[in-house]
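Here are my notebook entries from an afternoon spent with one model. Have the structure open alongside and follow along.

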Amino acid sequence: MIDLTGKAGRKPPGLIQRAPIILASASPRRFLLLSRLGLRLKVIPSGIEEGNGDGESPREHVLRLASEKARLVAEKYPDCWVVGADTIVFIEGRILGKPHSPDEAREMLGLLSGRGHQVYTAYAIVRGDSGLHLSSVVESTVIFREITPDEMSWYVATKEPYDKAGAYAVQGRGAFFIKEIRGSYTNVMGLPLSEVVDALKGLSAIEFS
């Protein structure tokens, strides 16, 4: 269990947190998005395998994984709100997860170059002691410029592609590949912040006053 908050995680005046909130993800981007609000978070990755399910649509795939992540952690911490999330890139009927090698990163970026693709992120919020479970999927469209061979070689040689769905980071060096985003920017980062905050408010997990 990792507590990354420290002094910077203290809630600001006007933000009321009704119970501990756990982020069931090791993603530093998801942690950053939520902690910037002043939420006191604990990070407890679920550790589940993120394999594809047979016959799943992109929405079904991310919903299943986000829910499994949140449920697994909520079973161990039933008095906490647990937030799970999963993000994929989808193009030409293919789900692109995280590349495991330079060749795989190059293949993914080649598919995305000069074209549009969809980014799906599902989030699930679970409370074990009450059985509450809320989940949803947000879709964004991202349009890439053509990636030149020298740009491809440079980017694949960095560390950035290898823990990102689709092998790029919208908030990092890969941002210059992007011509246009239709929909939520934070969804492409890995967590649709507006929708997650609305959900936490609706569940009375947080309150602004």
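**Entry 1: the loop before helix 1**

I started at Ala-24, which sits in the loop between strand 2 (21-23) and helix 1. A reminder to myself: this is a predicted model. Is Ala-24 buried or exposed? I found a relative accessible area of 1%, so Ala-24 is buried, the limit being under 20%.

Next I looked up what surrounds Ala-24. Leaving aside neighbours within four places in sequence, Ala-24 is in contact with Ile-44, Pro-45, Ser-46, Lys-69, Ala-70, Val-73, Val-82, Val-83 and Gly-84. I also checked the C-alpha atoms of Ala-24 and Ala-85: they are separated by 7.6 Å, with the two positions 61 residues apart along the chain.

I then followed one of those contacts, Ser-46, to the loop between strand 3 (41-43) and helix 2. Ser-46 is buried too, with a relative accessible area of 16%. With neighbours within four places in sequence again left out, the contacts of Ser-46 are Ala-24, Lys-69, Leu-72 and Val-73.

Pro-28 was my next stop, in helix 1. I noted Pro-28 as partly exposed, because its relative accessibility is 49%. Its C-alpha atom and that of Gly-190 are separated by 9.8 Å, although the two residues are 162 apart along the chain.

**Entry 2: two helices with a buried face**

Which residues of helix 3 are buried? I listed Ala-105, Met-108, Leu-109, Leu-111 and Leu-112. Seen down the helix axis, these fall within an arc of 155°, so they line one face of helix 3. They pack against strand 4, strand 5, strand 6, strand 7 and helix 4 (149-156). Just after helix 3, I marked a positive phi of about 70° at Gly-114.

I asked the same of helix 6 (residues 193-202), where Leu-193, Val-196, Val-197, Ala-199 and Leu-200 are buried. Their arc is 160° seen down the axis, so these residues also line one face of their helix. The face turned away from that buried side carries the exposed residues Asp-198 and Gly-202. I looked up the cover over the buried residues of helix 6, and it includes helix 1, strand 6 (116-127), strand 7 (132-144), helix 5 and strand 9 (206-208). Just after helix 6, Ser-204 takes a positive phi of about 65°.

**Entry 3: the cores**

The largest nonpolar core has 48 residues, and Leu-34, Leu-39, Leu-109, Ile-125, Phe-144 and Tyr-168 touch the most other members. A second, separate core has 17 residues, among them Ile-22, Ala-24, Ala-66 and Val-137. That brought me back to Ala-24, my starting point.

I picked Ile-125 for a closer look. Residues up to four places away in sequence aside, Ile-125 touches Trp-81, Val-82, Val-83, Leu-132, His-133, Leu-134, Val-196, Ala-199, Leu-200 and Leu-203.

**Entry 4: the largest pocket**

What is the volume of the largest pocket? I wrote down about 720 Å³. It is lined by 40 residues, and the closest to its centre are Glu-50, Asp-86, Thr-87, Lys-98 and Asp-163. By class, I have 19 nonpolar, 12 polar and nine charged residues in the lining.

Strand 4 gives the most to this lining, with five residues. Elements that each supply at least two residues include helix 1 (28-35), helix 2 (58-76), strand 5 (94-96), helix 3 (102-112) and helix 5 (185-189).

Methods
Residues numbered from 1 in each chain as written. Predicted model: local features only at pLDDT ≥ 70, side-chain atom pairs only at ≥ 80, totals over all residues. Heavy atoms only, no water. 1 Å grid on protein atoms, 1.4 Å probe; cavity = no way out; pocket = protein on both sides within 12 Å on 5 of 7 lines; lining within 4 Å. Points joined across faces, edges and corners; volume = space filled by probe spheres on them. Helix = DSSP H or I, 4+ residues; strand = E, 2+ residues; numbered from the N terminus. Nonpolar A, V, L, I, M, F, W, Y, C, P; charged D, E, K, R; others polar. Buried < 20%, exposed > 50% of the residue type's maximum accessible area, 1.4 Å probe, protein only. Arc of directions from axis to C-beta. Contact = heavy atoms within 4.5 Å. Core = buried A, V, L, I, M, F, W, Y, C linked by side-chain atoms within 4.5 Å.
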